[in-house]
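Hi everyone, thanks for coming. I'd like to walk you through one protein chain today, so have a look at the screen while I talk.

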Amino acid sequence: MKTNRLLLLGALALTTLMTACQSGQETDNAQLQADISPVIPKVNGTVIALNVTDNQPVKAGDTLARLDDRDFVLRVQQAEIALEQAKANVVVARKTSRSATLGTAPVSDNAQAAAAGIAAAQEGVKAAEVRVRQATLNFDRQAQLLAQESTPRQVYDNVKSEQEAAEAGLRVAQAQVVVLQRQASAARNQVTTAQTQAGVVGEGIPLAELAVKQARTNLENARLQLSYTIITAPTAGVVSDKSIQLGQVVAAGQTLLKVADDRKTWIVANFKETQMADMHVGQPVEVNVDAYPDKTFKGRVESVAQATGARFSMLPPDNATGNFVKVTQRVPVRIAFAEAADAATPLRAGMSVKVLVKDKI
């Protein structure tokens, strides 16, 4: 009995000594954390190939699964055809514009020729008016001579015929001017119409070029959608929580599996708010993982959350309502390992740990 009592007292003394040497803030409300990336398809489809199994290591970019891509291949082909058609429309629009521009030249020449014809016809009218005046003077003179019986009747008749012919020529010249003026007006209208048509056709070129850009964008989008039928690993890690099966019809946004990063882990320890007074970034930490009770890992405080864990819950507490019961809150503290992971003691997300944040660095 006496020996047992001495042993007990010795153990208590040793425990007290160890506690004094390892003073600090301790908690077992802590877990290992790691980046876990969900694998989510961006398009709907049927799984036709599955290249991974549960707990299989993968690298970033590795093909995890393939979806049936026949519909997407057809969309790419349709987009390629639409692009070629749009390019052909640009060529046609440019040729049509050139033809319309060239077509305005003959019409413009006709209008200029009509304007020149009017000037010539107007000169003809002036000449006809001179002939009429001359013929009228001759007729008046012969009429006076005939009244005095000083000229033969035949001469009078000839002069009268010349006067009538000159007046008829004047009327013809005047009518010709009117006709040419109408033709010139019609030619000017044709020039305006041709120029308007050329302008309209010219405006079709930018529209055709925009259609090419749209068709090229549609083709790029179709190719992008086709690329989504190959599902790849977003990061290196281990396949976890796989729910995808061969032949399964999956929808865009559906989580098929997750890739857990096995290269880096850290600890999130939830300390009571009463333990946070002297805690700061950089403090050394001793870590004991429940899975490896015989090994102590070294770490350091990497960061401290700005709010308690309760503030991030779906229904954060509101102490202004109902009966108030004070509950000690906990503050998440991120702890980084100070040493590389050991293959003999692999660390996995979710493992329970116990941490001791020492008071002294």
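Let me start with a definition, since I'll be saying "strand" a lot: helices and strands here are DSSP runs, at least four residues for a helix and at least two for a strand, and they are numbered from the N terminus. Please also keep in mind that what you see is a predicted model.

With that in hand, the overall count for the chain is three helices and 14 strands. There are 361 residues, and 29% of them count as buried. The accessible surface comes to about 23,100 Å², with 54% of that area belonging to carbon and sulfur atoms. Here is a number about how the chain folds back on itself: take the contacts between residues at least 6 apart in sequence, and 81% of them join residues at least 24 apart.

Now, the largest pocket. Its volume is about 540 Å³. How do you find a space like that? Rolling a probe the size of a water molecule over the atoms shows where empty space is left. For the largest pocket, 27 residues make up the lining, and those nearest the centre are Asp261, Asp262, Thr265, Leu347 and Arg348.

Which strand gives the largest share of that lining? That would be strand 13, with three residues. Strand 7, strand 9, strand 12 and strand 13 each supply at least two lining residues; on your sequence, look for strand 12 at 296-304 and strand 13 at 330-337. If you sort the lining by class, you get 13 nonpolar residues, eleven charged ones and three polar ones.

Two of those pocket strands turn up again in a sheet. Strands of a sheet pair through backbone hydrogen bonds, either parallel or antiparallel. This sheet is open and has four strands, in the order 2-9-7-4, with antiparallel pairing. Strand 2 (36-39) and strand 4 (57-58) are the edges, so to speak, each pairing on one side only.

Let's go through some of the pairs. Strand 7 and strand 9 are antiparallel and share three bridges; one place to look is Ser240, whose bridge partner in strand 9 is Lys258. Strand 4 and strand 7 are joined by two bridges, again antiparallel, and there you can find Val58 opposite Gly237 of strand 7.

Next, jump to the two ends of the numbering. Strand 1, residues 24-33, runs antiparallel to strand 14, residues 352-358, and six bridges join them. Gly24 stands opposite Lys358 there. Strand 14 also pairs with strand 11, residues 284-289, in the antiparallel sense over five bridges. In that pair, Val285 has Val357 as its bridge partner.

Last stop: a single residue, Ala65, which sits in strand 5, residues 63-67. Is Ala65 buried or exposed? Its relative accessible area is 2%, so Ala65 counts as buried, the cut-off being under 20%. Leaving out residues up to four places away in sequence, Ala65 touches Ala49, Leu50, Thr229, Ile230, Ile231 and Ile244. And if you want a distance to try on screen, Ala65 and Pro41 are 24 residues apart in sequence, and their C-alpha atoms are 10.0 Å apart in space.

That's my tour, so let's hear your questions.

Key. Residues numbered from 1 in each chain as written. Predicted model: local features only at pLDDT ≥ 70, side-chain atom pairs only at ≥ 80, totals over all residues. Heavy atoms only, no water. 1 Å grid on protein atoms, 1.4 Å probe; cavity = no way out; pocket = protein on both sides within 12 Å on 5 of 7 lines; lining within 4 Å. Points joined across faces, edges and corners; volume = space filled by probe spheres on them. Nonpolar A, V, L, I, M, F, W, Y, C, P; charged D, E, K, R; others polar. Pairing = 2+ DSSP bridges. Buried < 20%, exposed > 50% of the residue type's maximum accessible area, 1.4 Å probe, protein only. Contact = heavy atoms within 4.5 Å. Areas by Shrake-Rupley, 256 points an atom, 1.4 Å probe, with all protein chains shown as cover.
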